[in-house]
Amino acid sequence: MRIVMLGPPGSGKGTYASRLTSILGIPHISTGDMVREEIRAQTEIGRKIKEYSDRGELVPDKIIIDLLVERLKKPDAQRGFILDGFPRTIRQAEALERISEIDVVINLNVPDEIIIQRLSNRLVCRKCGAIYNRLTLKPKVDEVCDLCGGELYQREDDKPEVIRERLNVYRRSTEPLIDYYRRKGLIKDVHCNDLMTPPDVIVNKIIEIIGGLKKEK
Ligand code: ADP
Ligand code: ZN
C-alpha cells in the first residue's frame, strides 16, 4: 500500500503515520524528519535548508525531491510506504508521479483553532522523534520520552509567529494538492473536529478506509 498523508501542519500526519507504520508493516517516511536530521547532522544540505525550515517556509523543491527519491529507492520502501509531509507542492506531486504509483491520499481536515492549540503545545523527543502534547498526549514523566528516555523539546517552527506562517504556506502551496488528487480519484477525507479525540480513533478510521480499498482490488 502506498499512502500519502495530506493535511495542514498540526493535523496529526506524523502521529497517525507513526502508528500506522507498525500496524501495516510499511515505513513511515517523513520529509520533515529528514529535514531535521540533515540540519542536526550539519550536512551540506542541512546548512542550506536550516533557514527555510526555521522560518516555516518550504525547502526548495529540488532539494526535497532529491532527498525523497533517494529514500524511496531503499529496500524497505519497495513493498509500500506512508508519506508524511510530501508532496507539499504540485511540482513535488508531479515528481512523485514519475517515480511511484500512489494508492490513496488521506486528507486530514482539522479546524485552525485545533491546529494552533496542538502545535503550540507539541513536544518532540530529541532522540527518537516521538511526538507528545502538553494538553492531550502527556509523557508519563515531565519532559522525558516514554519510549526512550530522551529529552523532549519544542520545535523551532512551533513558536506562535512561525505557526501562522506555516498555515499560510499550507493554504498557498499545499492546499491545491487536494483538488489535484481529488481529480485523480485518490482522496479519502478524514475529519477531526475535537482536540481531545484520541489518535487511535483516527488511526482506526484510516485502517478501515485502507481495508476497504484492499477489498475493492
Ligand atoms: P509540519 O508539522 O508543519 O507538517 P514537517 O515536520 O512536515 O512540519 O516539516 C517541517 C519543515 O520541513 C517544513 O516547514 C519545511 O520547511 C520542511 N519540509 C518538510 N517537508 C517538505 C516538503 N515536502 N517540501 C518543502 N519543505 C519541506
Ligand atoms: Zn524518544
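What arrangement do the four donor atoms around the zinc ion (ligand 2) make?

## The zinc site

The arrangement is tetrahedral, because the four donor atoms subtend angles of 97 to 114° (four donors count as tetrahedral if all angles lie between 85 and 135 degrees). This is a predicted model, where local features need pLDDT of at least 70, side-chain atom pairs count only at pLDDT 80 or more, and totals for chains, interfaces and linings use all residues. Residues are numbered from 1 along each chain as its sequence is written, chains are lettered from A and ligands numbered from 1 in the order written, and side-chain values use heavy atoms, leaving out hydrogens and water.

The SG atoms of C125, C128, C145 and C148 do the job, lying 2.3 Å from the zinc ion (donors are N, O and S atoms within 2.8 Å of the metal, or 3.2 Å for Na, K and Ca). Along the chain their spacing reads C-x2-C-x16-C-x2-C.

## The pocket of ligand 1

Ligand 1 has 19 residues around it, with T31, E57, G85, Q92 and R166 the closest (a residue is near if one of its heavy atoms lies within 4 Å). By class, that shell holds six nonpolar, five polar and eight charged residues.

Now for some distances. A backbone N or O atom of E57 sits 2.5 Å from an oxygen atom of ligand 1, while a polar side-chain atom of R166 is 2.7 Å from an oxygen atom of the ligand. Q92 brings a side-chain N or O atom to 2.8 Å from a nitrogen atom of ligand 1. On its own, ligand 1 has 550 Å² of accessible area, and the protein covers 96% of that (Shrake-Rupley method, 1.4 Å probe).

How values were computed
Tetrahedral: all angles 85-135°; square planar, octahedral: opposite > 155°, others 65-115°. Polar contact = N/O pair within 3.5 Å; in protein donor to acceptor, adjacent residues only side chain to side chain. Nonpolar A, V, L, I, M, F, W, Y, C, P; charged D, E, K, R; others polar.
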